[in-house]
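Me: I have a model open and want the reasoning behind its labels. Can we go through them one at a time?

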Amino acid sequence: MATTTRRAKPSTATALEPVAAQARPGLRILHVASEVAPLIKSGGLADVAQALPAALRRLGHDARVCLPCYRKTYLEAERLGATWLSTPMVIESGGVDHKIGIAEVKLDGMPVYLLACNELYDRDGLYGPSAHQEYEDNARRFAVLSKAALALPGAIGWAPHIVHAHDWQTGLVPVLLQRGFCKALPATRSVFTIHNIAFQGAFPAHDMRLAGLDPWLYNPMHCEHFGRFNMLKSGIAFADRVTTVSRRYAEEIQTPEFGWTMDAVIRHHGYKLSGITNGIDPAAWSPASDPHIPAHYDADDMAGKAACIQRLREECGLARREDVPLLTVVSRLTEQKGIDLIIDAVSPYIIAGRMQLAVLGSGDLHLEHRLNALQARHPGWVYVWYGYNEPLAHRFIAGSDAFLVPSRFEPCGLTQMYAMRYGTLPIVRYTGGLADTVRDVSVGEGTGFTFGPIDVGHFSAVLDRALGLYQHFPAEWKAAQRRGMTSDFSWDSAAKGYVDLYQGMVFG
Ligand code: ADP
């Protein structure tokens, strides 16, 4: 199955004009996302929405970002010296006018626009009061975000060639752009990136009026999906190009197993779909300079790694057993991430004194309760920290021997790449971006361990393989660490993939 269906670009070269000499002007690209690190983050989307535009700027393009100004974002923006535009925009939604203030902050020189609207975004949560609950007016909140993002270029006097929208929260951007909502942007094209197809933003049909869309668009070819107004599907249907965050995930979402009811829609729009594997920010995630970890190290001198592991054991109250590997998890605690599988599989290894486990995350309550029980059964061998904690995430990843990501599906995943950067061997399910980024040690030149079918038997087998290598083949373990630490996971090649895509759209 083709992962990239980009049209071949007609060459404009002549015999007298070598291709390399055809300088193309820099592009203007507006990214629209519901979270952007370090201003506000609940998952990998925030990392991507910060790192991809930054990488595009390094390649000479004028990439900018806009996002809602949540309560925490507002505080962070103030700290970063935000400046406010004097005139707010007025965005109508379902007969109600919302005043949208615009603040600008610079992140390493990149303009980031915060769209402030007290009645919609000045709340503690991003999507709901807790991880288990959504705000009742999310359709309005994100319809207004999409409209405001398209009105922003007029307010700041800057017309992008491309508007690049991320995930369902911005799925109405391509629709509104194509339906002529923004008269100031007649030539602007749209890209829509699916970071996780399981989250679709499905609302009652009458919520379509919040975006001011014609009611006839409520049909299965456009905005309706199984009797709901679906913002993800709307984005897919109307975007000029659709991307996902790894090559393998672009294939997977065309199948019923991974498509979350959207597989036929994806296949239908396959001609404009491509998968571009995410990168990571090598400056923010570097064991040689990370301000959050207790000792620094690199691939040539790993002494600091042992110190990090020792300090994490102390911090987590784990038994001091240098002969036993410490495995960590930094994740949303959900079934997607295979947390139930970890709980089901690890007890025998812990009882046998073969591994220690530390988990950092928050999510489904039933998984938190089961993790509580696991910790209570194995004091000194299992540690769990509930909540979101960026510095601790760095200490977990640096301070462990192996890192678990047994996801049922994983569009890209960032933590396995962070782990490899820090010489922590990832143990991952062979799916999505995990399959694209982790090479199993058994196939040679490997950087981690992969397993296929998602059940306790196969997961236990891969744990056995990892523990075997750790205990009996330390030189091979070290070699795999070094390969992971020196692999190139930077954004540069992914950003070039997006530039090719944009240029194909703009220059033909
Ligand atoms: P997803 O976006 O599906 O949650 P990713 O692996 O793409 O998964 O990205 C998760 C991001 O969130 C990573 O940067 C990871 O370090 C971070 N993260 C997840 N849980 C926590 C937590 N409890 N504390 C700190 N960072 C976390």
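Me: What makes Asp-62 partly exposed?
Reply: This is a predicted model, so the value is computed from predicted coordinates. Asp-62 has a relative accessible area of 22%. Buried means under 20% and exposed means over 50%, with partly exposed in between. So Asp-62 counts as partly exposed.

Me: How do you know that Arg-57 and Asp-62 meet in a salt bridge?
Reply: Their side chains come to 3.2 Å, N to O. The cut-off is 4 Å. The pair qualifies. Arg-57 is partly exposed too, with a relative accessible area of 28%.

Me: What does the pair Asp-124 and Arg-71 tie together?
Reply: The two side chains form a salt bridge at 3.4 Å, N to O. Asp-124 lies in the loop between helix H3 and helix H4, and Arg-71 lies in helix H2, so the pair ties together parts 53 residues apart in sequence. Arg-71 is partly exposed, at 34% relative accessibility.

Me: Which residues do salt bridges with shared partners join into one network?
Reply: Lys-41, Asp-47 and Glu-390. The whole structure has 23 salt bridges.

Me: Why is H11 called oblique to H16?
Reply: Their axes come within 10 Å and cross at roughly 50°. Roughly parallel needs an angle under 35 degrees, and roughly perpendicular runs from 65 to 115. The crossing angle fits neither, so H11 is oblique to H16. The crossing is right-handed.

Me: What classes of residue make the contact of H11 with H16?
Reply: Eight nonpolar, one polar and two charged. Among them are Leu-341 and Tyr-349 of H11, and Phe-459 and Asp-464 of H16.

Key
Residues are numbered from 1 along each chain as its sequence is written. This is a predicted model: local features need pLDDT of at least 70, side-chain atom pairs count only at pLDDT 80 or more; totals for chains, interfaces and linings use all residues. Side-chain values use heavy atoms; hydrogens and water are left out. Axes are lines fitted to C-alpha atoms, for helices over the stretch in contact, and angles run from 0 to 180 degrees between N-to-C directions. Helices (H or I, at least four residues) and strands (E, at least two) are DSSP runs, numbered from the N terminus. Angles under 35 degrees count as roughly parallel, over 145 as roughly antiparallel, 65 to 115 as roughly perpendicular and the rest as oblique. A crossing is left-handed if the near helix is turned anticlockwise from the far one by less than a right angle, and right-handed if clockwise. Contact means heavy atoms within 4.5 Å. Ala, Val, Leu, Ile, Met, Phe, Trp, Tyr, Cys and Pro count as nonpolar, Asp, Glu, Lys and Arg as charged, and the others, Gly among them, as polar. Buried means under 20% relative accessible area, exposed over 50%, partly exposed in between (1.4 Å probe, protein chains only).
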